[in-house]
Amino acid sequence: FMDLIKDSSLHVYDSALAFTPSGTDLSRVYGHLAGKDLKIIRGRAKGWSRLLWTASKHRGRITCVAVASSNKIIVSGSEDKTIRLWDATSGAAVGEVMASHTDEVTCVAVTPDCKIIVSGSMDKTLQRWDATSGAAIGEAMIGHGDGIVCVIVSPDSKTIISGSWDNTLRLWDAISGAAVGQVMIGHHDGITCAVISPDGKTIISGSSDHTLRLWDATSGAAVGVVMTGHTDEIVCVAVSPDSKVIVSGSLDKTLRLWGATDGVEVGEVMTGHTDSVCSVVVSPDSKIIISGSSDKTLRLWDATKGAAIGKVMTGHTDQITCVAVFPDNKMIVSGSVDDTLRLWDATSGTAVGDVMTGHAHVITCVTVSPDSKTIVSGSNDHTIRRWDATSRAAVETVMASHTRRVPCVAILLDRKTIVSGSKDDTLRRWDAASGAAIGEAMVGHTEMVLCLAISPDNKTIVSGSKDDTLRRWDAASGAAIGEAMVGHTEAVLRLAISPDNKTIVSGSYDGALRRWNAASGAAIGEAMVGHTEAVLCLAISPDNKTIASGSLDGTLRLWDATKGSAVGETKCALGFRSLAFSSDSKFIVSEEYRNGRESSEPNASAEDGVEDNSSLVNDGRKVMDGEENEAYRVVTIVRSVNGLVRVRTEDVPSSILPNSQASSFELEHDGWLRGPQGKRIFWVPIDFRMEESTFECLVMVGSTLAMSGPKQVPMFDVSAFM
């Protein structure tokens, strides 16, 4: 609640205490002081999460993180070309953003004496920074002929080692930034990974040329033999803390052991993974190797012989991206494409505690503080998160939840039931009054659910998925109706059902729209082709005659709903994000990406989900939902006697298009929920809401407000604010 308290201290009562987990001493002692207006129907936890703080100032995915040996500072690098410093205790940004690179930052390191930070970038340079102030030290370190992929610092803090896609490694003086020693030439393809032995004598590099090499850490001279054996790219390498053994992991699905002084292979090839090895570490006591793989598992191996130890460590639902072992040798932490982190006992490999959820996208990097008390993770959701590694308390929620984030929610027309779609590939139904789950999860899709639609007769739910298909479900029982509706070649992003309940229309990342028979699920006609990029919004006119679609390609297109043929179009600069028809079918209102929004924002991936908030009240020209100071485009449809369609457009500021009560609530990316007239009403903690890189989805049933969340569908009674 740090951000909330800094921003509005009085909301300690109106927001913080209301969201404080119900089973904690803080809630039991001070809960009676909480404001009475906010009522949480569903989603309040019983115990504290492991999450300590979230930092989200980067404007691109996090590529690398490092924790200073002092435990005081965390460093992050991002594809936004910047480096940032964070206070390890509070999560507050330290100093100004560190910006000098002209391309993605790929790697960061902190010298063991905690004085200097070094960053490497795809701009082919390295830069040194003051670890206290964040100020740049000297000029950029130039020499490599291609992007920097790894940077390490010698144990004595005197030497920086960099590896590059130019097939070479280089040595640099950490104080002056000057190149030292000879360029380390020998690999025949790009460097993918490098480490330095704990004794500071030897550098080990891995390459896309399938080999590893040893180098003298003082002179840069080659040492020992070329280490051959792998049959594909080397992805990761680690050296044991006693400096005796090197372990490598490869795209060939194997790990290999090598002598750290001469590079001679030791023991047998370590086989068992069924996909590429993505990460490898050695325990602090040099006895155990831990590997993570694209096969979604981790494995333990004897660091002397390479023999497998214990059972395969399963639990993640997608490939492992990063692994770290605790300095105290007790636990292992893994990050995955499934957006979660997991803890494991370092001796037995058994899972420890709860799955650590909160990130809204792929975990890209993870590290453990030197005191083994905290974990730091970076993600494609643009955030860094810090977690308590010592807490063993289970984090319970009041009701069952999805196991992954929820990008879409919808309301059945009886206003009694809320439907949610999740990245766990399932749909769920919830009682709108109590928040209780209705029935079992609705299983059928093989990838995340991105969009939902409810039939006008309230009997059918239609879902679209990243698996490129649509599915129909019985709204009363949750049972699947018929087979999957196959036709799109990429993720289904948007759905609409005709008012006469006869036709389903889908829009996809493949740029096409398709029509389907709502009763049978059969395809109607051919794909409606015209857009050149993803379809982000679509609507069907109340008279069932016209389909409107908006795309990232900057066009709004009109289609004949019976024939599927194109009948008109209009354009904007950056793309359309939402649209709706007037009740008389004569007007369309469309919201565009404009007014200072970054051009990258509408480029939502198929994993992000897409919001579609605009709609029209019955007078035909009033926006029912919109953001203050956003501009909207009203499209007038003019039909001639021969059936041809012309469109006339005009831009209208949302300030003159009154909002309805039903859509007068808006969740801002900093967590504040605003009510009528834009007034702040309460603050929503990060555990309840999606990240900045994704779109929020709010729906209302009477006085119940439901929203998409990282893992659940939080529900609030907002009657006091209406």
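**Local environments, cavities and cysteines in a predicted model**

Glutamate 490 touches Asp468, Ser508, Tyr509 and Asp510 when residues up to four places away in sequence are not counted. The structure analysed here is a predicted model. Glutamate 490 belongs to the loop between β41 (480–486) and β42 (492–497). With a relative accessible area of 35%, this glutamate is partly exposed. A further relationship across the sequence links glutamate 490 to aspartate 467: the two are 23 residues apart in sequence, and their C-alpha atoms are 7.4 Å apart in space.

Glutamate 526, in contrast to a loop position, lies in strand β45 (residues 523–528). Its relative accessibility is 68%, and glutamate 526 therefore counts as exposed. Between the C-alpha atoms of glutamate 526 and glycine 487 the separation is 9.5 Å, although their positions lie 39 residues apart along the chain when counted as a sequence offset.

At the level of the whole chain, the secondary structure comprises 3 helices and 59 strands. The chain has 722 residues, of which 57% count as buried. Contacts between residues at least 6 apart in sequence were also examined, and 47% of them join residues at least 24 apart. The exposed surface of the chain amounts to about 28100 Å², with carbon and sulfur atoms supplying 50% of this area.

Isoleucine 203 provides an example of a buried strand residue. This isoleucine is found in β16 (residues 202–207), and its relative accessibility is 0%, so it counts as buried. Outside its neighbours within four places in sequence, isoleucine 203 is in contact with Ile161, Leu169, Leu171, Met184, Val195, Ile196, Arg213, Leu214, Trp215, Asp216 and Ala217. Valine 223 is 20 residues from isoleucine 203 in sequence, and the C-alpha to C-alpha distance of this pair is 9.3 Å.

Positive phi values were found at two residues described here. Lysine 81, a residue other than glycine, has a positive phi near 80 degrees. The loop between β4 (73–78) and β5 (82–87) contains lysine 81, which is partly exposed at a relative accessible area of 37%. Asparagine 458 is likewise not a glycine, yet its phi is positive at about 70 degrees. This asparagine is placed in the loop between β38 (449–454) and β39 (460–465). Asparagine 458 counts as buried because its relative accessibility, 18%, falls under the 20% limit.

The internal space of the model was assessed next. The structure holds 2 cavities of 30 Å³ or more, and the second largest of these encloses about 30 Å³ of space. Its lining is formed by Arg342, Leu343, Trp344, Ala351, Val352, Gly353, Asp354 and Val355. Two strands, β29 (341–345) and β30 (351–356), each supply at least two residues of the lining of the second largest cavity. The largest share comes from β30, with 5 residues. In terms of residue class, this lining consists of 5 nonpolar, 1 polar and 2 charged residues.

Glycine 358 occupies the loop between β30 and β31 (363–368). At 6% relative accessibility, glycine 358 counts as buried. Arginine 405 and glycine 358 are 47 residues apart in sequence, while their C-alpha atoms are 8.4 Å apart in space.

The cysteines were examined for disulfide pairing. A disulfide requires a pair of cysteine sulfur atoms within 2.5 Å, and by this rule the count comes to 0 disulfides. For cysteine 150, the nearest cysteine sulfur is that of cysteine 107, at 6.4 Å, and cysteine 150 is in no disulfide. Cysteine 150 counts as buried at 10% relative accessibility. Cysteine 537 is also buried, with a relative accessible area of 0%.

Definitions and conventions:
Residues numbered from 1 in each chain as written. Predicted model: local features only at pLDDT ≥ 70, side-chain atom pairs only at ≥ 80, totals over all residues. Heavy atoms only, no water. Buried < 20%, exposed > 50% of the residue type's maximum accessible area, 1.4 Å probe, protein only. 1 Å grid on protein atoms, 1.4 Å probe; cavity = no way out; pocket = protein on both sides within 12 Å on 5 of 7 lines; lining within 4 Å. Points joined across faces, edges and corners; volume = space filled by probe spheres on them. Helix = DSSP H or I, 4+ residues; strand = E, 2+ residues; numbered from the N terminus. Nonpolar A, V, L, I, M, F, W, Y, C, P; charged D, E, K, R; others polar. Contact = heavy atoms within 4.5 Å. Areas by Shrake-Rupley, 256 points an atom, 1.4 Å probe, with all protein chains shown as cover.
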